[in-house]
Amino acid sequence: MENNQTEDGVDLGPGLVRIRRRRRFLWFVLIIYLPAMWTTQQITRSFQASLPVFFGWFLLLLFAAAVSAAARCPRCGNYFHVNGLVLLYLRKCLHCQLHINADKKRTGN
């Protein structure tokens, strides 16, 4: 049995890759805020003119947060980052404690 499979033979790798990709997208959206707003301020020199950029970024942030929150754990099938009404971006599933890099870990280390 390989490292990235559960006891019932389900491959965890593709599901964890999808979760990591969605988390990276969320981080990217968060990080581009300051450069985007600074560039907009430098070009327009107006707070009013930068509002559309802010609202566009905010909509993109809502989308990225929703997509990353809707990622399901490949082991238990529950939402990886959501437990009830609580959204926590931890590195383990909030239900079965599967680590986000469980498919990368090797046995015997």
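Start by selecting R45, which sits in the loop between α2 and α3 (47–69). With a relative accessibility of 63%, R45 counts as exposed. Have a look at its backbone too: phi of R45 is near 55°, a positive value in a residue other than glycine. Bear in mind as you go that this is a predicted model.

**Zoom out to the whole chain**

Now show the full chain as a cartoon. You should find 3 helices and 2 strands, and if you follow them along the sequence, the pattern reads α-α-α-β-β. The chain has 109 residues, of which 29% count as buried. Among contacts in the chain with a separation of 6 or more, 47% come from residues 24 or more positions apart.

Next, colour by confidence. The average pLDDT of the chain is 89, and 87% of the residues score at least 70. Where does confidence reach its highest and its lowest mean? Helix α1 (residues 13–31) is highest at 96, while strand β2 (residues 86–87) is lowest at a mean of 92. As a general caution, coordinates should not be read in detail where pLDDT is low.

**Where two helices meet**

Select α1 and α2 together. Their axes come within 4 Å of each other and cross at roughly 30°. That angle makes α1 roughly parallel to α2. To see the contact itself, show the side chains of V29, L30 and I31 on α1, then those of Y33, L34 and P35 on α2. What kinds of residue make up this contact of α1 with α2: nonpolar, polar or charged? The count is 6 nonpolar, no polar and no charged.

Stay with helix α2, which covers residues 33–44, and pick out T39 within that helix. T39 counts as partly exposed, because its relative accessibility is 37%. Then add S50 to the selection: S50 and T39 are 11 residues apart along the chain, and their C-alpha atoms are separated by 9.4 Å.

**The cysteines**

Now display the cysteine side chains. How many disulfides does the structure hold? The number is 0. Try C93 to see why: its closest cysteine sulfur, in C76, is 3.7 Å from the sulfur of C93, too far for a bond. A disulfide would need the two sulfur atoms within 2.5 Å. C96 is likewise in no disulfide, and the nearest cysteine sulfur to C96, that of C73, is 3.6 Å away.

Switch on a surface and look at C93 and C96 again. Are they buried or exposed? C93 counts as buried, because its relative accessibility is 0%. C96 is partly exposed, with a relative accessible area of 23%.

**After the last strand**

Move on to Q97, in the segment after β2. Although Q97 is not a glycine, it has a positive phi of about 65°. Q97 is partly exposed, with a relative accessible area of 48%.

For the final stop, select A102, which is also placed in the segment after β2. Is A102 buried or exposed? A102 counts as buried, because its relative accessibility is 17% and the cut-off for buried is under 20%. Finish by drawing a distance from A102 to K92: these residues are 10 apart along the chain, and their C-alpha atoms are separated by 9.3 Å.

Conventions
Residues are numbered from 1 along each chain as its sequence is written. This is a predicted model: local features need pLDDT of at least 70, side-chain atom pairs count only at pLDDT 80 or more; totals for chains, interfaces and linings use all residues. Side-chain values use heavy atoms; hydrogens and water are left out. Buried means under 20% relative accessible area, exposed over 50%, partly exposed in between (1.4 Å probe, protein chains only). pLDDT is the predictor's confidence in each residue, from 0 to 100. Axes are lines fitted to C-alpha atoms, for helices over the stretch in contact, and angles run from 0 to 180 degrees between N-to-C directions. Angles under 35 degrees count as roughly parallel, over 145 as roughly antiparallel, 65 to 115 as roughly perpendicular and the rest as oblique. Contact means heavy atoms within 4.5 Å. Ala, Val, Leu, Ile, Met, Phe, Trp, Tyr, Cys and Pro count as nonpolar, Asp, Glu, Lys and Arg as charged, and the others, Gly among them, as polar.
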